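This report describes selected local features of one protein model. The structure is shown first, and the description follows.

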Amino acid sequence: MEFAIVDIETTGGYAAGSSITEIAILIHDGKKVCDRYETLVNPQRPVPLSIQLLTGIDDAMLAHSPAFDEIAGKVYELLNGRIFVAHSVNFDYSFIRHQLEAAGFTFSASKLCTVRLSRKVRPGLPSYSLGRLCDTLDIPLSNRHRAGGDADATAILFSRLCAWDTEGHLQAMLKKQSKEQTLPPNLPKEDFEALPQCPGVYYFRDRTGKVIYVGKATNIRKRVSSHFTGHNPNPQRQHFLRNIYSIRYERCGTELFALLLEAVEIKRLWPAFNRAQKHHEAKFGLYLYEDLNGYLRLVVGRHNKYQPGLHVFSREYDARNLLHKLVRHFGLCPALCQLDACDGRCHGETCLACGPADIYNHLVREALEHLNRHLPSFLVMGAGRNEEEQSCIWVEQGSFYGMGYIDKYSDLQTPEDIKPLLTPYTGNAYMMQLIYSHAEQNPQKVLQLATAGAEQGFSTRH
């Protein structure tokens, strides 16, 4: 078994938007280095000043160096069939794989991370960065932040780890069924192995314990694993992986419960690497205004955080559907509600929009009072985290009140007995959309708490 110990310098932190400026490959037989290759690489783009200051590599040094395409064959020959070794291996591997594929080479290799191996063979050290490890273990490190110097230090570290590894950590990490090399370099394998295969919410935390990402899953372990597999070279993933130091999780009884908890936690923690759900805001609103002729007008419009509206909706369809119901049941004018042309049958035989404004406005106020009085209240019941409990989601007057778990075999007599057992949360239009959608698909799991509106043939579902 041979190893290729690799170090690179680059123009930036992620493969898709940066290029290699220097590469060193040391062939190691498990005891010593038996061959080496080192060269500057013309990235065919300017080197940022911050990188020049860190590495000492500037544009003038690279002007007459080979482009990666010119050395791709040699790099592939050295790496193919060997174990790819590096300090924080996924960084170096992502760049080399990306640039080899751009040069026409299909490359895949078994990987070994000396950060992870060091943590196993020499646990409890103050830091596992290459520089700090070299200081702690008295490994000579010259030409820091240059590919050759860092590769030489990594080779010495690797030789010592091989000699110190009396418990077979290296071989265990190289087993095909081991997911060790796919994990972020700073994440303990034990954190991953402790993850359950059930619905829930998981939290990635950085070195300080701060949550940097919240996600939901129907199978926590499988979903977390998917973050670490593949070779996406984009910047978000590269920065994301190197900042993960620990994982914690919360079991949930159902996928809906997990979705709602995820939304709550993203809003509460505002993690750096969550993007999509930070923008799950209401898109439409039901608005009331008085026109120049004195008529109160109910209309659907784009949601504006400075003018939140009477009710908010994720979909325009839901907003317009509700307004249509108000028009039908209270004789409002479709033209004044910007829904349709007035047909003269808004209320009885006469179009009140053409009559006195005070009479029409009274109907508008009646419609709004009825709407607020008959907003739906219901429970969504579901599976619990174990056989002894069940989950409960409480909606009160059209708004998400809270959720929690109750004993399946308790002697609770009424829904009001359940409410004190739930945790209150602040909801939003996105969460209500999730709840309504689930309730419509699973009516057998819904317990209505207020049905007056339904009895009058008027549903406020939105």
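## Gly73 and its surroundings

Gly73 belongs to helix 3, which covers residues 68-79; helices here are DSSP runs of H or I with at least four residues, strands are DSSP runs of E with at least two, and both are numbered from the N terminus. The relative accessible area of Gly73 is 33%, so the residue counts as partly exposed (buried means under 20% relative accessible area, exposed over 50%, and partly exposed in between, with a 1.4 Å probe and protein chains only). Leu100 follows 27 residues away along the chain, and the C-alpha atoms of Gly73 and Leu100 are separated by 8.5 Å.

## Basis of the model

The model is predicted: local features need pLDDT of at least 70, side-chain atom pairs count only at pLDDT 80 or more, and totals for chains, interfaces and linings use all residues. Residues are numbered from 1 along each chain as its sequence is written, and side-chain values use heavy atoms, with hydrogens and water left out.

## Helix 4

Leu100 is also one of the buried residues of helix 4. In helix 4, 10 of the 14 residues are buried, so the helix is mostly covered. Besides Leu100, the buried set consists of Val89, Asn90, Asp92, Tyr93, Ser94, Phe95, Ile96, Arg97 and Gln99.

The end C-alpha atoms of helix 4 are 20 Å apart, which agrees with the 20 Å that its 14 residues should span at 1.5 Å a residue (the expected span is 1.5 Å times one less than the number of residues). After helix 4 comes Gly104, with a positive phi near 100°.

## The largest pocket

Rolling a probe the size of a water molecule over the atoms shows where empty space is left. The search uses a 1 Å grid over the protein atoms alone: a cavity is a set of points where a 1.4 Å probe fits but cannot get out, a pocket is an open set with protein on both sides within 12 Å along at least five of seven lines, and lining residues have an atom within 4 Å of a point. Grid points are joined across faces, edges and corners, and a volume is the space filled by probe spheres set on the points.

The largest pocket has a volume of about 1000 Å³. Its lining comprises 42 residues, of which His87, Ser88, Phe91, Asp92 and Arg242 are the closest to the centre. Helix 4 makes the greatest contribution to this lining, with six residues. At least two residues each come from strand 1 (3-10), helix 1 (49-55), helix 4 (89-102), helix 5 (114-121) and helix 11 (235-242). By class, the lining has 15 nonpolar, 17 polar and 10 charged residues (Ala, Val, Leu, Ile, Met, Phe, Trp, Tyr, Cys and Pro count as nonpolar, Asp, Glu, Lys and Arg as charged, and the others, Gly among them, as polar).

## The enclosed cavity

How many cavities of 30 Å³ or more are there? The count is one. About 40 Å³ of space lies in the largest cavity, and strand 12 (377-383) and strand 13 (389-396) are the elements that give two or more residues to its lining. The lining residues are Thr254, Leu256, Val380, Met381, Gly382, Ser391, Ile393 and His438. Strand 12 supplies the largest share, three residues. The lining divides into four nonpolar, four polar and no charged residues.

## Helix 16

His438, part of the cavity lining, is also among the buried residues of helix 16. The others are Ala429, Tyr430, Met431, Met432, Leu434, Ile435, Tyr436 and Ala439. Helix 16 has 13 residues, 429-441, and reaches 18 Å from its first C-alpha to its last, close to the expected 18 Å. At its start, a side-chain oxygen of Asn428 comes to within 3.2 Å of the backbone nitrogen of Tyr430.

## Loop residues with positive phi

Asn143 has a positive phi near 60°, although the residue is not a glycine. Asn143 lies in the loop between helix 6 (130-137) and helix 7 (147-164), and its 49% relative accessibility makes Asn143 partly exposed. The C-alpha atoms of Asn143 and Thr55 are 9.0 Å apart, with their positions 88 residues apart in sequence.

Gln397, likewise a residue other than glycine, has a positive phi near 50°. The loop that holds Gln397 runs between strand 13 and strand 14 (399-407), and at 43% relative accessibility Gln397 is partly exposed.

## Cysteines

With a disulfide taken as a pair of cysteine sulfur atoms within 2.5 Å, the count is zero. Cys134 is buried at a relative accessible area of 2%, and Cys333 is buried at 2% relative accessibility.

Conventions. Polar contact = N/O pair within 3.5 Å; in protein donor to acceptor, adjacent residues only side chain to side chain.
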